Amino acid sequence: MVVKLRPLTADEVAAGQKACWEHDNDTLWQSLPAVTARGALPRLQRYGFDRVFGAHEKTASLHGERVASLVQHTLEGFNAVVMAYGQTSSGKTTMIRGPHDGSAAKGEGLIAMC
């Protein structure tokens, strides 16, 4: 299983929000305490994955490292699934379909790359 982090949006940056997760090549951890109605929860979580793609890594990196070989395998008759899962506004549609604002070059989503 791999994880692709999205960068903060312009609105999030303008509001002074900061990323609350840090990562290395295969681990993701909570760098800021979660804040609830009862106050901050100091317990910081760590999660291991096969690969963590950072917020500034391009979708093309994900495609080249993990998805392209799956496409080739399906052409050879094997089943494969690429699935985007996450909470609302976590970047699923942009990663799969590409930017929707027209500002980026056509073909930057996984579907077009495949």
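A search of the whole structure finds three salt bridges. A salt bridge here is a side-chain nitrogen of Lys or Arg within 4 Å of a carboxyl oxygen of Asp or Glu. Side chains of opposite charge can pair when their charged atoms come close.

This is a predicted model, in which local features need pLDDT of at least 70 and side-chain atom pairs count only at pLDDT 80 or more, while totals for chains, interfaces and linings use all residues. Residues are numbered from 1 along each chain as its sequence is written, and side-chain values use heavy atoms, with hydrogens and water left out.

## The salt bridges

| Acidic partner | Basic partner | N to O distance |
|---|---|---|
| Glu12 | Arg6 | 2.9 Å |
| Glu57 | Arg51 | 3.0 Å |
| Glu65 | Arg51 | 3.0 Å |

How covered are these residues? Three words describe this: buried means under 20% relative accessible area, exposed means over 50%, and partly exposed lies in between (1.4 Å probe, protein chains only).

Take the pair of Glu12 and Arg6. Glu12 counts as buried because its relative accessibility is 17%. Arg6 has a relative accessible area of 30%, so Arg6 is partly exposed.

Now take Arg51. Its relative accessible area is 8%, so Arg51 is buried. Glu57 stands at 26% relative accessibility and therefore counts as partly exposed. The other partner, Glu65, forms its salt bridge with Arg51 at 3.0 Å between the closest N and O atoms. Glu65 lies in helix α2 and Arg51 in strand β7 (residues 51-53), so this pair ties together parts that are 14 residues apart in sequence. Glu65 counts as partly exposed because its relative accessibility is 45%. Through shared partners, salt bridges join Arg51, Glu57 and Glu65 into one network.

## The overall layout

How many helices and strands does the protein have? There are four helices and seven strands. Both are DSSP runs numbered from the N terminus: helices are H or I with at least four residues, and strands are E with at least two. Along the sequence, the pattern reads β-α-β-β-β-β-β-β-α-α-α.

The C-alpha atoms fill a box of roughly 55 × 35 × 20 Å, taken along the principal axes. Of the 114 residues, 18% count as buried. The protein exposes about 8500 Å², and carbon and sulfur atoms supply 55% of that area. Accessible areas come from the Shrake-Rupley method with a 1.4 Å probe; for residues, only the protein chains shown count as cover.

Contact means heavy atoms within 4.5 Å. Among contacts between residues at least 6 apart in sequence, 43% join residues at least 24 apart.

## A sheet of three strands

Strands of a sheet pair through backbone hydrogen bonds, either parallel or antiparallel. Two strands count as paired if DSSP finds at least two bridges between them.

One open sheet has three strands in the order β2-β3-β6, with antiparallel pairing. Which strands form the edges? They are β2 (21-23) and β6 (46-48), and each pairs on one side only. Neighbouring strands of this sheet are turned by 20 degrees against each other on average, direction ignored. The angles are taken between axes, which are lines fitted to C-alpha atoms (for helices over the stretch in contact), and run from 0 to 180 degrees between N-to-C directions.

Start with β2 and β3. A hairpin joins β2 to β3 through three residues. Three bridges join β2 to the antiparallel strand β3 (residues 27-30). Glu22 stands opposite Trp29 in β3, and His23 stands opposite Leu28.

On the other side, three bridges join β3 to β6, again antiparallel. Here Thr27 stands opposite Gly48 in β6.

In a regular strand the side chains alternate between the two faces of the sheet. From β3, Thr27 and Trp29 point one way, while Leu28 and Gln30 point the other way. All four of these residues are buried.

## Inside and outside

His63 is found in helix α2 (residues 59-75). Is His63 buried or exposed? Its relative accessibility is 15%, so His63 counts as buried. Not counting residues up to four places away in sequence, His63 touches Ala68, Leu110, Met113 and Cys114.

Val81 gives a contrasting case. This residue is found in the loop between α2 and α3 (92-97). Its relative accessible area is 68%, so Val81 is exposed. Val81, Met83 and Tyr85 make a nonpolar surface patch of about 460 Å². Patches are made of residues with over 30% relative accessible area and no salt bridge: like charges are joined within 9 Å, and nonpolar side chains (Val, Leu, Ile, Met, Phe, Trp, Tyr) within 5 Å.
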